Amino acid sequence: MVKAIRIHEAGGPDVLKYEEIDVPAPGAGEVLLQQKACGLNYIDVYHRMGAYPLPYPAAIGMEGMGVVEAVGKDVTAFKPGDRVAYADMPPGAYAEARVMPWHRLVNLPDAIDDQTAAAMMLQGMTVEYLIRRTFKKIGRAHVVLKVRR
């Protein structure tokens, strides 16, 4: 048994419950992580408030960093002892340990500390999206509008 923060209903911070949960062994294509740090994001608040509903009881937290403890069948990209980070479904980063699909994880270089790794993934993907995709589209439209005036 490990500790995790879960919700059993939508609401304010008072619905967050620190409780013991069972963490299963990793199945095919999954990795068992010993969590070292997690990121805190607006989407976690939206899950807690029910804006983005989850089935209850729900573990929350979309971003974290951990050390691989075990790998399931067909997982060759990771091995026990690897440091990894993630920012994606399924939620559950607010826990001491968890199982994640292997294809949602990235290996971490030693130069990135645990806390930075846990906090950089979702923000990094947001920056990439805004700069590389949204700005390109808005920037082109802006240029076209200026030329037409």
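Student: In what order do the five strands of the open sheet with antiparallel pairing stand?

Tutor: Let's begin with this sheet, keeping in mind that the model is predicted. Strands pair through backbone hydrogen bonds, either parallel or antiparallel. Here the pairing is antiparallel and the sheet is open, with its five strands in the order β7-β3-β5-β6-β8.

Student: Which strands stand at the edges of that sheet, each with a single partner strand?

Tutor: Read the ends of the order β7-β3-β5-β6-β8. A strand with a single partner has one side left without a neighbour in the sheet, so the edges are β7 and β8.

Student: How many bridges join β5 and β6?

Tutor: Strand β5 covers residues 63–71, and its pairing with β6 is antiparallel. Two of the facing residues are easy to find: E63 has A87 as its bridge partner in β6, and M65 stands opposite A85 in β6. The number of bridges between β5 and β6 is five.

Student: Which residue in β8 stands opposite A85?

Tutor: A85 faces M65, but β6 also pairs with β8, in the antiparallel sense and over two bridges. On the β8 side, the residue opposite A85 is V106.

Student: How many of the five residues of β6 are buried?

Tutor: In a regular strand the side chains alternate between the two faces of the sheet. In β6, R83, A85 and A87 lie on one side and V84 and Y86 on the other, and both faces are covered. β6 is therefore largely enclosed by the rest of the structure, and its count of buried residues is five of five.

Student: Which residue meets the side chain of R83 in a salt bridge?

Tutor: R83 is buried because its relative accessible area is 18%, and the cut-off for buried is under 20%. Its partner sits in helix α2 (residues 114–148), while R83 is in strand β6 (residues 83–87), so we are looking 31 residues away in the chain for the pair. The N to O distance is 2.9 Å, and the partner is D114.

Student: Is D114 buried or partly exposed?

Tutor: The relative accessibility of D114 is 25%. Buried means under 20% and exposed over 50%. D114 lies between those limits, and therefore counts as partly exposed.

Student: How far apart are the closest N and O atoms of R104 and D88?

Tutor: R104 lies in the loop between β7 (97–101) and β8 (106–107), and D88 in the loop between β6 and β7, so their salt bridge ties together parts that are 16 residues apart in sequence. Both ends are partly exposed, R104 with a relative accessible area of 32% and D88 with 27%. The closest N and O atoms are apart by 3.0 Å.

Student: Which strands are at the edges of the three-stranded open sheet?

Tutor: The three strands stand in the order β2-β1-β4, with antiparallel pairing. An edge strand here pairs on one side only, and these are β2 and β4.

Student: Which residue in β2 is the bridge partner of R6?

Tutor: β1 and β2 pair in the antiparallel sense over five bridges. R6 belongs to strand β1 (residues 2–7). Its bridge partner in β2 is K17.

Student: And which residue meets the side chain of R6 in a salt bridge?

Tutor: This partner is in strand β2 (residues 17–21), 13 residues from R6. The salt bridge has an N to O distance of 2.5 Å, and the partner is buried, with a relative accessible area of 17%. It is E19.

Student: How many residues of the lining of the largest pocket are nonpolar?

Tutor: The largest pocket holds about 180 Å³ of space. Its lining has 13 residues, with I21, A59, P91, G92 and R98 nearest the centre, and β7 gives the largest share, three residues. The lining divides into one polar residue, three charged ones and a nonpolar group of nine.

Student: Which residues form the one aromatic pair, and what is its geometry?

Tutor: A search of the whole structure finds one such pair, formed by Y46 and Y52. Y46 is partly exposed at 33% relative accessibility, and Y52 is partly exposed too, at 42%. The centres are 5.4 Å apart and the planes make an angle of 75°. Over 60 degrees counts as edge-to-face, so the pair Y46 and Y52 is edge-to-face.

How values were computed:
Residues numbered from 1 in each chain as written. Predicted model: local features only at pLDDT ≥ 70, side-chain atom pairs only at ≥ 80, totals over all residues. Heavy atoms only, no water. Salt bridge = Lys/Arg side-chain N within 4 Å of Asp/Glu carboxyl O. Helix = DSSP H or I, 4+ residues; strand = E, 2+ residues; numbered from the N terminus. Buried < 20%, exposed > 50% of the residue type's maximum accessible area, 1.4 Å probe, protein only. Pairing = 2+ DSSP bridges. 1 Å grid on protein atoms, 1.4 Å probe; cavity = no way out; pocket = protein on both sides within 12 Å on 5 of 7 lines; lining within 4 Å. Points joined across faces, edges and corners; volume = space filled by probe spheres on them. Nonpolar A, V, L, I, M, F, W, Y, C, P; charged D, E, K, R; others polar. Phe/Tyr/Trp six-rings, centres within 6.5 Å; stacked < 30°, edge-to-face > 60°.
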